[in-house]
Amino acid sequence: MSLDSPVISLSGAEVIKEEVNTESCDKGESVKTESCEAETKTMSKNQQRKQRRLEAKLKFRPEKRKLERERRKEKRRQAISEGVVLPPSRKKLKQKLMEPSDISIVVDCSFEEHMHDGDIKKLVKQIQHCYAINRRSPCPCKYVVSSYGGKMKDIIENLSGATQWNISWREGSYDSLFSKENIVYLSAESENTLTCLEEGKAYIIGGLVDHNSKKGLCHELAVKRGVKHAQLPISQYIDMKSRKVLTVDHVFEILLKFQQQKDWESAFFSVIPKRKGAQVKLDSNLCSSGHVAEETTNETEVSESNDRRT
């Protein structure tokens, strides 16, 4: 008996310890449950509905993404069987070494003080889209973002892989990066018209999302700095039923398309959204090539002038 008693007492101690641990776990779980219930009670009905929707979305997200991947694969297989030429995959794009031309397209981001936070986020998305367009283009240009800083910089630095993008992020202004004789600022209010893109030139797009509230600002600043400016020849080639306003990425893509095709009309119709009701201008004397008519266009807005040659 004396040999067995220590074993029995030890076993009893272990049982007591397990019971204590179980009770503490139960208490912990009950406290956690009570805190969750208390938190739920403090939420409004609207917040509770949003929380339920979020939980449901997260629950089915893996399955939804799996179905989307299968759909994309099936669509790709079908296109290949029909002989459709597909764009390069993301994997191939990452492996591709870009060989940009000597033409620079610059997004001037010196307008942060004129934009709300929401507009700055929209500008960041447009800059992202410009990168994707340039990445896929058979004739990529040198892509530069000038006056890089402030809230926009904070947003971009939090984006996954942004530091690996083939973009030249420059804190200095565009006129400190290029000589004045090689700068053409795209402005809707310019009296000059862009007719072609020249090697060695830097074409500046005003990074301003203002919903037309700051009309003429880019042109005004370009004139003050004494740099060349011009507008895209949209009014010479097409008529538009809606407002002639283009986003930064639209202008960027038009320049790339023209660089590739050397045809303004084709570039405009391949980029300008159909909702704008663009139609061919039948009575215009079109020139598919030439030189920068003293300066360039854009500003997130396209010239509203509808001059016709006699």
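Here are three short exercises on the sheet, a helix pair and the cysteines of this structure.

The model is predicted, so local features need pLDDT of at least 70 and side-chain atom pairs count only at pLDDT 80 or more, while totals for chains, interfaces and linings use all residues. Residue numbers start from 1 along each chain as its sequence is written, and side-chain values use heavy atoms, without hydrogens and water.

**Exercise 1.** Work out which strands stand at the edges of the sheet.

Solution. Begin with the order: 6 strands form an open sheet, β3-β2-β1-β5-β4-β6, with parallel pairing. Strands here are DSSP E runs of at least two residues, helices H or I runs of at least four, both numbered from the N terminus; two strands pair if DSSP finds at least two bridges between them. β3 (168–169) and β6 (228–230) each have a single partner strand, so they stand at the edges.

**Exercise 2.** Find how α4 and α5 (residues 150–157) are oriented to each other.

Solution. Take the angle, about 55°, with the axes 10 Å apart. Angles under 35 degrees count as roughly parallel, over 145 as roughly antiparallel, 65 to 115 as roughly perpendicular and the rest as oblique. That makes α4 oblique to α5.

**Exercise 3.** Explain why C130 forms no bond with its closest cysteine sulfur.

Solution. A disulfide needs two cysteine sulfur atoms within 2.5 Å. The closest cysteine sulfur to that of C130 is in C109, 9.7 Å away, which is too far for a bond. The count by this rule is 0 disulfides. As for its surroundings, C130 is buried (under 20% relative accessible area; exposed is over 50%, partly exposed in between; 1.4 Å probe, protein chains only), at 0% relative accessibility.

Methods. Axes are lines fitted to C-alpha atoms, for helices over the stretch in contact, and angles run from 0 to 180 degrees between N-to-C directions.
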